[in-house]
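Got the viewer open? Let's walk through this one stop by stop, selecting as we go.

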Amino acid sequence: MSYLFDTNEGARYLMMGNDAIVRGALEANVNVASAYPGTPSSEIIENLSKASQKRNIYVEWSVNEKVALEVAFAASIAGLRSICAMKQNGVNVASDFLLHVALSGTRGGIVLLHCDDPGALSSINEGESRHFARMIELPLLEPGDFQEAREMTRWAFELSEELRSIVIMRSVTRLSHASGNVTLGRLGTPDGKARFKYEAVPGDPDSGPVITMPVPPHHALLQEKLKKAIAIFEKSPFNTYTGPEKPELLIITCSACNLYSREAVHLLNAQDRVGILKIGTTWPLPPKLVARHLAMTDRVLFVEEVLPFLEENVKVIAAETASEVGIKKFYGKNDGTMPTINEMNPDIVVDAVKKILGVEYTAMDEGYAKHAKEHLAALAPVRDLTFCPGCPHRASFWNLHNALAMDNRRGFVCGDIGCYTLGFLPCGFSTMKTSHSMGSGIGIASGFGKLTQFGMDQPILAVCGDSTFFHAAIPALVNAIHNKSDVIFVLLDNSGTAMTGFQPHPGTPLDAKGGPLPTIDPADICRSLGATVEYADPFDTDETQKKLLALMQEKGARVLIMKQMCALSPEKKGKKMFEVRVDQELCRGDTCGCSRLCTRIFRCPGLVWDSNRQAAVIDEVICAGCGVCVSICPSGAIKKTEAGR
Amino acid sequence: MKVLGSRELLADVLAKELCIGCGACVSLCPYFRSYNGKTAMLFPCTQEQGRCFAYCPKVEVDLDEVSGKIFGAPYSMEPLGRSLSVMMSRAGKKAAGDNCQSGGTVTALMTYALSNKLCDAAVLTGREGLNAVPAIVTDPGEVKNYASSKYTSAPTLEAFNRAVERGFTRIGVVATPCQVLALAQMRSNPLAKKDFTDPTSLVVGLFCTWSLDYRAFRRLLEGRVDIKDIKKFDIPPPPAEVMEIYTDRGTVEIPLAEVRSTVPNSCDYCFDMTSEFADVSVGVVEGRSGMNTIVVRTERGRAAVDAAVKAGFLELEDMPADNLARLRTAAGNKKKRALKKAAGEGIINTADGRRSLIRLEPKNLAGI
C-alpha cells in the first residue's frame with residue numbers, strides 16, 4: 001500500500017481502480033470517509049482506514065449507507081472534505097437522504113462514490129445507480145480508466161465545492177477490481193478545521209442553517225447548479241475524442257466500456273473508420289460537445305453497461321439539435337444491437353462494429369475455440385457455489401431445514417443479504433425461499449406472519465446476519481413484534497461482516513482503524529423490544545433443532561440467535577477445533593441406511609467421496625475441523641478428536 | 001412383494017396422506033424422522049429399493065405373501081383373522097397393576113416375557129402429554145409405566161428399529177394393527193437378505209378401530225383440558241358416545257363425534273381391527289370392564305400365554321358366545337368398509353405397473 005502515500009509526484013504504479021480512487025481522495029486531502037461495506041466498493045474505506053493511521057482522517061464503517069452519507073454530509077457542512085462509498089444498491093438505501101442533500105446544498109467537497117456491479121458478480125441485483133443522478137438532479141462522473149479514477153476523484157471534490165453540491169461518481173466492478181497504470185499526483189498535507197456555521201439567515205450557503213425549505217427556491221438553485229455543471233463539463237478534459245475527423249461510425253461510451261471500445265477498434269484495425277467519444281461527465285451531458293461530435297458522422301453506436309442511460313440522454317440532444325447535426329442512425333440497446341443485461345466485453349463491441357461496418361473478423365477459429373473450451377473444462381475442477389468448509393451457515397441451514405421438514409407444515413425461511421443468501425441453493429438445502437434487500441427477510445416474514453386470518457398455517461422464519469441486523473433489520477423486527485406477527489427471527493451471528501471481508505459493525509468491538517469501541521448486543525435490542533431470545537450453537541445440531549422445533553410450537557415474534565464465528569474469521573482461521581477422520585470400515589456409502597448423506601446432501605467441501613474405496617474421506621487440507629459432519633453420519637463412521645492448538 | 005424406494009414411498013403414502021406414522025421407516029436411515037405424530041422425509045434418497053418401502057403397511061402389502069410367512073397359509077377373510085383360540089383374560093396375581101386399560105393383560109404378558117427372558121427387550125409405547133412416545137424397555141418392573149391406551153398414532157416401530165440396531169434378537173413388541181402388519185413384513189425378510197433371522201420373539205397386537213392425529217387432537221383439547229394433568233383416556237361402551245379423559249381435577253368428557261373428526265384419513269383404509277398378524281391380540285370385552293379379549297394366533301403366542309398363566313401372570317376365562325359374535329361383527333364390518341372404500345377408489349390389486357395399497361386374492365374381494 002506504500003504507493004498510496006508515495007509523495008513522488010509523477011511516480012507510476014500498477015493500481016487497482018479502487019486504490020486509484022483512494023489515491024485521488026488522499027490527493028484531495030479528504031478528511032472524513034464513511035461507508036457500509038459492499039462488493040465491489042469495500043476496499044476504498046479499507047485503504048482509507050490504513051491511510052488514517054498516518055493522516056488525520058476520520059474513517060467509519062457506518063451502520064448503513066444512509067447513515068454513512070449523513071456522516072459524510074456533516075463533515076461537508078462543517079467545512080471538511082468527505083467521501084462516502086457504497087455498492088449500487090447502497091444508493092437506494094441512501095437515496096432518501098440524497099434527495100434532500102441535493103436541495104440543501106453542501107459546503108466542503110463531498111463525493112458519493114458508488115461501485116456498480118454489472119452482471120451481478122457479487123450482488124443479487126443488477127441495479128443501475130446512475131439514474132439517481134438524473135432523478136435527484138446531481139452531477140455524475142464516470143472514470144474511463146484507472147488514471148482517470150485517480151484524477152477524477154481528486155477533481156470531484158473541487159467540483160463539489162464549486163457547485164456547492166454533492167458529486168456522484170460511478171465505478172464498476174471491472175474498474176474497481178481490475179488494475180492499470182496510474183501516475184501519481186501531488187500528495188498534500190491534510191488540513192481543515194471543522195465548524196458548522198449556522199449564524200446567518202437560512203439560505204446563506206456559507207453560514208446559514210442547512211434546510212431544504214422553502215423548497216421551490218432551493219429547487220431552482222439546484223437547477224442553476226446543474227446549468228453551471230454543464231458549462232464546466234463542456235470544457236472538461238474527461239470528455240475525450242479519439243479517431244478520424246469524419247468517422248464512418250462514432251462510438252459514444254463511458255466507464256470501463258471505454259476500454260472495451262478501444263480494444264475492439266484496435267482488434268478490428270478500424271482506427272481510421274471509427275471514432276470514440278468517451279464521456280466522463282455523464283450527467284448532465286454537455287449538449288454542445290455532444291452535438292459537435294454527432295455532426296461528424298451519420299452512424300452512432302452506444303457502448304455502456306446495463307441500461308441505456310448515456311444512449312437515451314444523447315438521443316434527447318440529438319433530437320433537439322437534429323436541424324444542425326442531421327439525422328443519425330443509432331445503434332445501441334434500444335434497437336437490440338447491445339445487451340441491456342450483464343457485463344459488456346470487447347467481443348460484444350467487436351460483433352456490433354463488425355455488423356455495422358460490414359467487416360470480417362474472426363477472433364478465434366471455431367474449431368480452436370471448441371478445442372480450447374474442452375481442454376479448459378478438463379483442467380478446471382467442478383466447484384459448486386457453496387459455503388466454505390466449516391461454515392456455520394451450512395450447519396445453521398441443516399438445522400433449519402431438518403426442523404422445518406420434521407415439523408411438516410411446509411414452513412419456510414425468508415432470507416436476507418450475506419453469505420447465507422446461498423441458503424436458497426442445495427448448499428443451504430434449499431431452505432431459503434425469498435431473498436431481497438438488506439433487512440427484507442424479517443420484513444417479508446412480518447407480513448407473512450399476519451396472514452393467518454387468510455388460512456396461512458405454515459411456520460415462518462427469517463434469517464439475518466449480525467451486520468445486516470444493524471443495517472436494516474431492526475425496523476422490520478420492531479414491526480413484527482409490535483404487530484404481533486407470528487415469526488421466528490433467526491440471527492445468524494458469525495461475529496462480523498464476513499461476506500465483504502470482516503469489516504466491523506456495531507456488534508463488534510473495533511472501529512475502522514482497529515481501535516476499541518463499545519459493542520451493542522443484538523440480543524439486548526431484541527429483548528428490549530419484548531421478544532423472547534434464545535441462543536443455539538448451530539454446530540450442536542440436535543440441540544439447535546430441538547430449540548427450533550419448540551419455537552415453532554409457539555406464537556408471536558420469537559428470536560433465536562445461532563452464534564458461531566465465521567470459519568474464515570481472523571480469530572478462527574487456521575485453528576481446527578477437531579481433527580476429523582472417516583472410519584472407512586464403518587462407512588456405509590451407497591447402501592440403504594445411508595445413500596451417501598454426507599457427500600450427496602450435506603456436501604461440505606471438506607468431505608469427499610472416494611469412488612475407488614466406495615467410502616467417504618476427509619480432505620484434510622481444507623477441512624476446517626468444525627466436527628459437524630460427525631453428528632450427521634448415520635453409522636458413526638466419522639470420528640473426531642480434539643485438535644491440539 | 002414389490003419393493004421400491006423412498007421416492008415411491010413419498011409419492012404413494014406421504015403425499016397421499018396415507019401415512020399413519022407407525023415409525024416402520026424411521027431410524028433405519030437419516031432420511032425419515034418422526035415428530036409430533038407425523039413421519040417426515042428430510043431429504044430424497046436415491047436407493048431404488050429400501051426397507052422404508054418394504055416395511056410400510058400402507059403400500060404394496062401382499063396379504064397372502066405376508067400371511068404365508070407368518071401362518072404358513074394364505075390370508076383369511078375370517079373377521080378376526082387366523083387364530084388358535086379366542087378367550088377372555090386378565091392380569092394374574094403376580095402382575096396385577098393399576099392404570100391398565102381393562103384387564104391389564106398386555107402389561108402382565110410383557111412383564112412375564114421380560115422376567116422370564118422370553119424377550120431380551122420390549123418395545124412399548126408411553127405417553128408425553130397427548131403424544132405417544134415409544135421406548136425400549138429391558139427391566140420387567142418398568143413395563144407397567146407404559147400401560148393404558150394412547151389413542152394418538154404412535155411411531156412405535158421407530159423404537160423397534162433402534163432395538164434391532166442395538167442388537168436385540170428376541171424383541172417383544174406391543175403394537176397396533178398397522179404396526180403389526182409392518183412388523184409382519186419386516187419379519188418376512190422382504191429384501192431377501194442372507195443370514196436373516198426374525199428379531200421378534202413375541203408380537204402382542206392391540207385391537208384398534210382408529211387412532212387420532214396428534215396435532216388435530218391437541219387442537220381439539222386446547223382450552224378444554226390441561227394436557228399435562230391427563231392420567232388416562234377411555235371410551236366407555238355404547239351408548240355413551242364420549243371419550244373420557246381422567247385428570248387430577250376430575251373427568252372431562254369429549255363427544256365422540258368431535259374426537260372422530262381427528263382420525264387421520266389413513267385409518268379409513270385399515271381393514272384390520274384385531275392385529276391379525278400378531279402372535280397374540282388383545283382388546284376389551286364389551287360389558288366386562290375388568291377383562292380383556294385375548295386372541296391367540298400362533299404357536300409361539302400360545303406358548304407364551306400358557307407359560308404366563310402357569311407362572312401366575314395371567315388368568316384366562318372362556319369368552320361368552322354373544323360377546324364373540326359381536327366382536328366378529330365389528331371386525332368384519334371394519335374389514336368390509338375399508339376394502340370396499342379402497343376397491344372403490346381403485347387402489348387394490350392394481351395392474352399395469354401401478355402401485356397398490358394392498359394385494360389379496362381377488363375372490364376374497366368378491367364377497368364385499
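Start in chain A with strands β5 (residues 110–116) and β7 (residues 167–172): they pair in the parallel sense over six bridges. Keep in mind on the way round that this is a predicted model. To see how the two strands line up, pick Asp116(A), which stands opposite Val172(A) in β7(A).

**The sheet around that pair**

Now widen the selection. Those strands belong to an open sheet of six strands in chain A, in the order β3-β2-β4-β5-β7-β6, with parallel pairing. Its edge strands are β3 (58–61) and β6 (140–141) of chain A, each pairing on one side only. Add helix α3 (residues 65–77) of chain A, which packs on the sheet and touches β2 (32–35), β3, β4 (82–87) and β5 of chain A. Compare directions, and α3 of chain A makes about 165 degrees with β4(A).

**The loop after β2**

Next, select the loop between β2 and α2 (42–51) of chain A, where you'll find Ser41(A). Is Ser41(A) buried or exposed? There are 28 other C-beta atoms within 10 Å of Ser41(A), so it is buried. Leave aside its neighbours within four places in sequence, and Ser41(A) is in contact with Ala35(A), Ala85(A), Met86(A), Lys87(A), His114(A), Cys115(A) and Ser176(A).

Pro40(A) lies in this loop too, between β2 and α2 of chain A. Zoom in on the peptide bond from Thr39(A) to Pro40(A): it is cis, with omega near 5 degrees. Before leaving, draw a distance from Ser41(A) to Glu642(A): they are 601 residues apart in sequence and 40 Å apart in space, C-alpha to C-alpha.

**Another cis proline**

Jump to Pro214(A), in the loop between β8 (179–183) and α8 (215–234) of chain A. A cis peptide bond joins Met213(A) and Pro214(A), and omega there is about -5 degrees.

**Two helices in chain A**

Select α6 of chain A, residues 146–163. Its 18 residues reach 25 Å from first C-alpha to last, close to the 26 Å expected at 1.5 Å a residue. How many residues of α6(A) are buried? The count is 14 of its 18, making α6(A) mostly covered. Step just past the helix to Arg164(A), whose phi is positive, near 60 degrees.

Now try α11 of chain A, residues 309–320, with 12 residues. Its reach is 17 Å from first C-alpha to last, close to the 16 Å expected at 1.5 Å a residue. Colour its buried residues: Phe309(A), Leu310(A), Glu311(A) and Val314(A). What covers them includes α5 (130–136), β10 (249–253), α10 (287–294) and β12 (299–303) of chain A.

**An enclosed strand**

Move on to β17 of chain A, residues 488–493. Six of its six residues are buried, so β17(A) is largely enclosed by the rest of the structure. Show the side chains: Ile488(A), Val490(A) and Leu492(A) point one way, while Phe489(A), Leu491(A) and Asp493(A) point the other way. Strand β16 (residues 460–465) of chain A pairs with β17(A) in the parallel sense over five bridges. One spot to check is Leu461(A), whose bridge partner in β17(A) is Ile488(A).

**A positive phi in chain A**

Go to Ser595(A), in the loop between β20 (578–582) and α20 (597–602) of chain A. Phi here is near 55 degrees, a positive value in a residue other than glycine. Ser595(A) has 23 other C-beta atoms within 10 Å, so it is buried.

**Over to chain B**

Switch chains and pick Glu60(B), in the loop between α2 (51–55) and β3 (61–62) of chain B. It isn't a glycine, yet its phi is positive, about 50 degrees. Glu60(B) counts as buried, with 22 C-beta neighbours inside 10 Å.

Then select helices α3 (residues 63–71) and α6 (residues 177–187) of chain B, whose axes are 9 Å apart. How do they cross? Their angle is about 75 degrees, and α3(B) and α6(B) are therefore roughly perpendicular to each other. At the meeting point, Val66(B), Lys69(B) and Ile70(B) in α3(B) face Ala184(B), Gln185(B) and Arg187(B) in α6(B). By class, that contact has three nonpolar, one polar and two charged residues.

**Last stop: where the chains touch**

Show both chains. The contact takes 14 residues from chain B and 14 residues from chain A. On the chain B side, the elements giving two or more residues are β1 (32–35) and β2 (38–41) of chain B. That side has eight nonpolar, three polar and three charged residues.

Notes. Residues numbered from 1 in each chain as written. Chains lettered and ligands numbered in written order. Predicted model: local features only at pLDDT ≥ 70, side-chain atom pairs only at ≥ 80, totals over all residues. Contact = placed C-beta atoms within 7 Å. Helix = DSSP H or I, 4+ residues; strand = E, 2+ residues; numbered from the N terminus. Nonpolar A, V, L, I, M, F, W, Y, C, P; charged D, E, K, R; others polar. Expected span 1.5 Å × (residues − 1). Buried ≥ 20, exposed ≤ 12 C-beta atoms within 10 Å, placed from the backbone. Axes fitted to C-alpha atoms, helices over the stretch in contact; angles between N-to-C directions. Parallel < 35°, antiparallel > 145°, perpendicular 65-115°, else oblique. Pairing = 2+ DSSP bridges.
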